[in-house]
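These are my notebook entries on a set of chains that I looked up. I wished to record how the copies are related, how two of them meet, and where charged side chains pair.

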4 protein chains.
Amino acid sequence: MTRVAVVGGAGYIGGDLIRILLGHPEVELVAATSRTLAGRRVDGAHPNLRGLTDLTFVEPDRLGRCDVLFTAVPHRESMGQLGRFAALTDLLIDLSGDFRLRDPEVFAAYYGVEHTAPGELASFTPGLPELHRKELIGADRISVPGCMATAAVLALHPAAVEGLVTGEVTVDARTGSSGSGVSAGAENLHAERSGALRVFAPHGHRHEAEIAQATGLPTRMTATGVEAVRGVQVLCRVALADGADERALRAAYRRHYADEPFVRVVAHKRGQYRYPEPKLLSGSNFCDVGFAVDPAARHALLIGALDNLVKGGGGGAVQSMNVRMGWPERTGLGFPGLHP
Amino acid sequence: MTRVAVVGGAGYIGGDLIRILLGHPEVELVAATSRTLAGRRVDGAHPNLRGLTDLTFVEPDRLGRCDVLFTAVPHRESMGQLGRFAALTDLLIDLSGDFRLRDPEVFAAYYGVEHTAPGELASFTPGLPELHRKELIGADRISVPGCMATAAVLALHPAAVEGLVTGEVTVDARTGSSGSGVSAGAENLHAERSGALRVFAPHGHRHEAEIAQATGLPTRMTATGVEAVRGVQVLCRVALADGADERALRAAYRRHYADEPFVRVVAHKRGQYRYPEPKLLSGSNFCDVGFAVDPAARHALLIGALDNLVKGGGGGAVQSMNVRMGWPERTGLGFPGLHP
Amino acid sequence: MTRVAVVGGAGYIGGDLIRILLGHPEVELVAATSRTLAGRRVDGAHPNLRGLTDLTFVEPDRLGRCDVLFTAVPHRESMGQLGRFAALTDLLIDLSGDFRLRDPEVFAAYYGVEHTAPGELASFTPGLPELHRKELIGADRISVPGCMATAAVLALHPAAVEGLVTGEVTVDARTGSSGSGVSAGAENLHAERSGALRVFAPHGHRHEAEIAQATGLPTRMTATGVEAVRGVQVLCRVALADGADERALRAAYRRHYADEPFVRVVAHKRGQYRYPEPKLLSGSNFCDVGFAVDPAARHALLIGALDNLVKGGGGGAVQSMNVRMGWPERTGLGFPGLHP
Amino acid sequence: MTRVAVVGGAGYIGGDLIRILLGHPEVELVAATSRTLAGRRVDGAHPNLRGLTDLTFVEPDRLGRCDVLFTAVPHRESMGQLGRFAALTDLLIDLSGDFRLRDPEVFAAYYGVEHTAPGELASFTPGLPELHRKELIGADRISVPGCMATAAVLALHPAAVEGLVTGEVTVDARTGSSGSGVSAGAENLHAERSGALRVFAPHGHRHEAEIAQATGLPTRMTATGVEAVRGVQVLCRVALADGADERALRAAYRRHYADEPFVRVVAHKRGQYRYPEPKLLSGSNFCDVGFAVDPAARHALLIGALDNLVKGGGGGAVQSMNVRMGWPERTGLGFPGLHP
């Protein structure tokens with residue numbers, strides 16, 4: 001069994017990662033750290049795990065060696081402790097924002113702090129198998145992209161890489177409250193956050209930079225908190241390039257994603273679920289992508305949806321581990337989501 | 001104009017009280033206090049009031065005299081400052097739990113602290129016009145009952161006072177998240193509280209004592225937090241007394257409530273809204289009450305619903321003020337609630 | 001008292017119109033029609049109105065004369081019966097889509113049917129006092145704009161009319177389930193619609209044409225159903241014209257809306273409610289508008305929010321009636337909305 | 001591979017059963033029937049299954065033989081077609097209400113129709129392994145109990161069978177909207193059902209009879225629809241028998257459920273999730289049970305929670321199949337549920 005550990009196991013992404021790892025047949029979860037809950041049971045923080053584990057959280061400083069280390073920590077913390085983390089493991093999978101952007105200047109502009117380990121940026125492979133499967137096979141440092149970025153990149157990728165779109169992308173991103181994390185402030189109290197349509201980032205959201213980096217397209221993104229706990233949906237508006245049409249788009253999506261285990265193309269003519277919706281994806285590692293072409297306007301709406309804690313978090317990390325370790329990519333990630 | 005002030009104006013009950021008072025044609029809101037937000041605009045804490053007031057919060061200690069003083073403060077604080085509050089006004093309307101129970105021993109048992117002003121308990125009239133209208137006319141201290149207590153007392157009152165029920169009442173109370181207040185803890189984060197069916201008081205809830213006191217019936221109450229921001233619903237299960245039946249119940253409810261401006265009897269044979277539901281009552285001062293008789297079992301389910309911040313809070317306080325001041329009882333309380 | 005009647009009183013907009021009219025001090029509601037519920041109590045369809053009215057629905061064909069007639073009917077029905085409606089009243093206020101677009105060809109393109117009374121299109125004044133107050137004073141036919149259109153037009157108007165924006169507007173509109181109406185299909189069952197982020201109109205929504213008509217800006221709109229019963233929010237993305245900046249925008253919004261009774265400018269630097277959110281507006285006639293400027297991109301996000309059944313429906317109709325009749329514009333529309 | 005089929009595959013229970021069966025390593029789903037959707041893809045009705053199956057629905061009459069047949073049909077239909085269903089399979093697992101009650105008179109009283117196959121009632125074993133594991137091993141007809149009944153029976157069983165409670169049980173049951181089924185009426189439209197606290201069965205609900213039958217305790221049950229799609233929670237109020245106390249209850253629950261794969265005892269002293277909550281159980285086959293003792297009153301509240309479509313539907317059926325076929329009981333049922 002491969003021995004894995006999670007740094008930052010008390011958070012929402014850490015918790016969902018633990019859930020997935022406990023059901024993964026190839027790994028043994030040997031430790032989960034939490035500064036605030038050290039010594040307490042893991043299923044106290046994550047009550048869905050009752051009966052599945054008797055593990056207790058350990059102090060981050062007491063973490064021992066393991067085969068795979070997942071770091072689900074706030075940004076700054078990963079780059080600050082990279083040396084220590086890297087020394088503990090053969091394969092480091094980071095879920096913070098610290099190693100997602102390749103350019104330290106872009107990082108500084110979007111995160112408002114200087115990167116403290118710019119020389120290490122290039123050592124990380126993006127944890128997005130759909131774009132980086134081959135590189136992941138040999139990677140020993142993986143950086144899992146942001147949740148909204150993953151949805152947008154997967155929605156845009158076939159169109160972008162095949163030159164079917166042109167100009168600037170505008171991304172309208174919607175996200176549930178779990179994205180604010182377990183230590184969110186009073187503005188996330190249920191009485192305040194319930195029923196919200198809260199434009200929390202009219203521009204300049206950090207995931208915007210990831211989308212631009214991965215697609216090569218200039219990107220403008222707006223982020224709104226919506227009434228949901230889990231779930232991300234992005235609407236990406238693009239202009240069609242000359243010669244591009246719905247048929248070409250459909251062919252491109254089919255070509256790129258026909259064999260992808262976790263991307264489904266959802267672009268139907270009718271039916272209530274004819275475009276991607278995150279409510280179908282809670283707990284699932286699928287990213288559904290779809291498109292709608294407005295022929296009159298020569299525009300397309302490219303839509304992506306996922307569970308921010310799974311495909312946009314712990315699930316994406318485990319999928320990347322599976323690729324890296326040579327295990328079947330679906331291992332431990334079989335839950336398809338629910339309806340209704 | 002009657003000059004009114006609100007102590008504890010930054011809380012949810014205080015805020016809804018301010019909303020009602022700003023629309024009340026007989027009063028002028030001269031001050032609202034907040035320890036944490038002193039100097040800040042009232043509509044910063046209560047953004048629904050934008051455009052309706054330019055008032056800023058004042059320090060509690062700087063509050064001046066007024067004609068009517070509403071104290072929307074946590075329990076202990078009202079009894080601790082009673083002398084000061086009483087000196088500031090002719091009419092004191094307290095929305096805390098401190099003066100709801102007449103018996104200091106019952107208070108101590110339910111609140112876990114000794115009452116510090118037991119001699120003043122008798123000086124307060126319950127702010128429930130349906131049971132105490134005449135006494136309210138001459139009152140100069142009014143204590144507004146708890147939200148779940150109000151719903152249960154109004155649901156039970158006609159049956160109890162006419163001797164139609166016997167034995168113990170069991171109350172199953174459900175409440176939205178606003179009842180936890182603006183300074184609720186991390187367990188009330190949206191991601192945790194959303195979709196909850198949280199049995200937070202399987203027994204011993206403080207409102208239980210109020211129901212027993214007001215109805216004279218031994219009472220057992222369970223309280224569950226449900227997915228809602230506003231709203232309380234109580235299901236009161238009672239045994240029918242000898243000779244009591246549905247016809248007698250219906251007659252009793254009609255007799256007691258036919259002329260009540262804010263109690264509606266909702267007990268229909270069919271239709272989706274045939275029993276009281278709080279979702280229809282958001283923002284409204286109505287308390288809907290209804291009943292369903294199980295003739296085989298000689299049991300009845302008496303149901304009450306209200307908005308905990310209006311009829312179970314600020315609206316009940318204003319209704320009591322209206323009675324006390326001789327104004328039409330509906331003044332300032334005309335909003336009927338919404339559908340859908 | 002002015003005698004008013006509502007055609008289509010069993011629907012959601014009709015019902016909210018009835019609620020408002022019952023609380024309006026200058027009018028008497030003399031009739032509400034419903035084909036399916038004729039002879040049944042109005043408060044059966046709209047249970048929030050229990051205790052406020054004993055009215056029963058009448059057959060549409062049995063409707064008599066009145067001073068003001070509101071027609072809250074599906075599109076096609078208003079134009080089909082215009083002659084009959086007009087003969088029944090001095091002032092006709094139509095809430096259908098039939099008389100919102102001035103150009104019959106645009107109507108045909110967006111509604112998929114030919115307009116059957118194109119010669120009458122010019123006889124209607126838009127029921128949007130913020131843009132058409134003077135014309136409304138003398139109007140005897142008023143057409144209330146669509147809910148999403150109203151939000152977008154009010155969000156865009158100051159910037160558009162002052163030339164601060166240029167190029168195409170893209171509108172990302174979000175709406176609650178009440179917009180689908182009381183006779184919505186199985187795709188609107190709670191189990192299906194709950195938690196939805198349903199892109200139901202990626203392009204070509206009818207309100208798009210209204211926005212373009214009212215602002216003079218080429219418009220592309222996408223509409224998504226979100227988890228809410230009431231409420232519309234629009235995010236309008238625009239390019240800033242040369243010389244335009246945040247200061248100019250702020251000045252324009254202040255200038256246009258400072259004296260508007262039902263438009264509030266909400267564009268704060270901080271705070272959880274720093275942009276417009278419809279959850280604060282349920283039951284209210286306010287349309288909150290705000291903006292966020294991205295100076296680097298020379299773009300602005302103009303945001304509007306309202307309650308689709310009030311400012312985007314019955315409330316907008318009553319506000320227009322108030323203007324037309326010379327009554328204070330806020331009459332009957334005082335409810336400010338709730339928080340939390 | 002064991003060949004299984006589902007009658008009634010377009011419904012919500014049928015759909016979740018299909019989801020579970022598609023992930024079950026021992027079975028092959030060979031057919032799913034639907035009268036209305038015959039010829040259409042299964043993943044059209046259940047969009048979460050996209051990418052997991054290419055199956056299309058077949059006409060019920062064209063169903064061939066299989067090893068295990070699940071019948072997820074409305075009541076009356078199972079008893080009406082029992083002969084046909086039984087002839088198609090070796091193992092019949094019925095999810096309707098037709099074979100849950102052993103006494104045809106009780107059936108007639110609760111269902112309002114005569115049982116048409118009373119002689120077959122005894123041929124069915126209840127699909128509740130926690131109470132009937134041994135009988136299930138040899139069963140060839142299994143009847144899965146109702147969702148609220150399952151929650152209540154599992155919450156009550158240890159206390160009932162060990163004589164720790166006495167007198168009548170009152171059950172306060174809460175359920176999400178999926179319990180109304182895929183063909184629910186207009187009262188289940190999102191705009192109507194959202195935010196509901198709808199007492200749809202103040203007494204006489206059919207599951208009441210199942211609880212009384214399984215526990216031997218006289219039972220009174222009230223059922224309320226709450227704001228949720230999935231999920232059942234029951235609060236069972238009982239009087240403690242002489243000598244019974246919290247310690248005895250705790251011991252009884254531990255004894256009965258320590259080795260149960262799908263029952264967890266949740267009765268903590270503190271923490272926000274100290275009692276069972278269905279929101280943690282969406283998609284999971286767990287039934288969480290807990291208790292709270294009021295020593296003063298000699299009462300206990302026994303609480304159960306589950307996902308009505310899994311443990312209270314398709315999951316309970318598959319668990320029973322696993323027992324009957326000698327497979328590990330958890331096979332295909334490993335998803336633990338999510339937090340947050």
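The entries below cover conventions, symmetry, one interface, cysteines and salt bridges.

**Conventions.** I worked from a predicted model, in which local features need pLDDT of at least 70 and side-chain atom pairs count only at pLDDT 80 or more, whereas totals for chains, interfaces and linings use all residues. Residues are numbered from 1 along each chain as its sequence is written, chains are lettered from A and ligands numbered from 1 in the order in which they are written, and side-chain values use heavy atoms, with hydrogens and water left out.

**Symmetry.** I superposed copies by least squares on the C-alpha atoms of residues with pLDDT of at least 70 in both. A turn of 180° with a shift of 0.0 Å along the axis lays chain C on chain A, at an RMSD of 0.0 Å. This is the relation of a two-fold axis. In chain C, the C-alpha nearest the axis belongs to C:Glu227, at 3.0 Å from it. I also noted that 100% of the interface residues of chain C are interface residues in chain A as well, so the copies meet through the same surface.

**Chain A with chain B.** I took contact as heavy atoms within 4.5 Å. By that rule chain A gives 17 residues to the contact and chain B gives 17 residues. For buried area I used the accessible area (1.4 Å probe) that two parts lose on being put together, summed over both. Chain A and chain B bury about 1,300 Å² between them, 59% of it on carbon and sulfur atoms. Which residues of chain A lose the most area to chain B? They are A:Leu189, A:His190 and A:Ala191, together 48% of what that side buries. Helix 8 (residues 190-193) of chain A supplies four residues, the largest share of the side that touches chain B. I took helices (H or I, at least four residues) and strands (E, at least two) as DSSP runs, numbered from the N terminus.

I then looked for salt bridges, defined as a side-chain nitrogen of Lys or Arg within 4 Å of a carboxyl oxygen of Asp or Glu. The rule finds zero across the interface of chain A and chain B.

**Cysteines.** I searched for disulfides, meaning cysteine sulfur atoms within 2.5 Å of each other, and the count over all chains is zero. I call a residue buried under 20% relative accessible area, exposed over 50% and partly exposed in between (1.4 Å probe, protein chains only). A:Cys66 is buried at 2%, and B:Cys66 is buried at 3%.

**Salt bridges.** Over all chains I recorded 84 salt bridges.

- C:Glu168 pairs with C:Arg220, the closest N and O atoms being 3.6 Å apart. C:Glu168 lies in strand 7 (residues 165-175) and C:Arg220 in strand 9 (residues 219-226) of chain C, so the pair ties together parts 52 residues apart in sequence. C:Glu168 is partly exposed at 31%, as is C:Arg220 at 22%.
- C:Arg264 forms a salt bridge with C:Asp288, with the closest N and O atoms 2.8 Å apart. The pair links strand 11 (residues 263-265) to strand 12 (residues 287-294) of chain C, 24 residues apart. Are C:Arg264 and C:Asp288 buried or exposed? Both C:Arg264 and C:Asp288 are buried.
- D:Arg65 and D:Asp90 meet at 2.9 Å, N to O. D:Arg65 lies in the loop between helix 2 (42-45) and strand 3 (66-71) of chain D, and D:Asp90 in strand 4 (residues 89-94) of chain D, so the pair ties together parts 25 residues apart in sequence.
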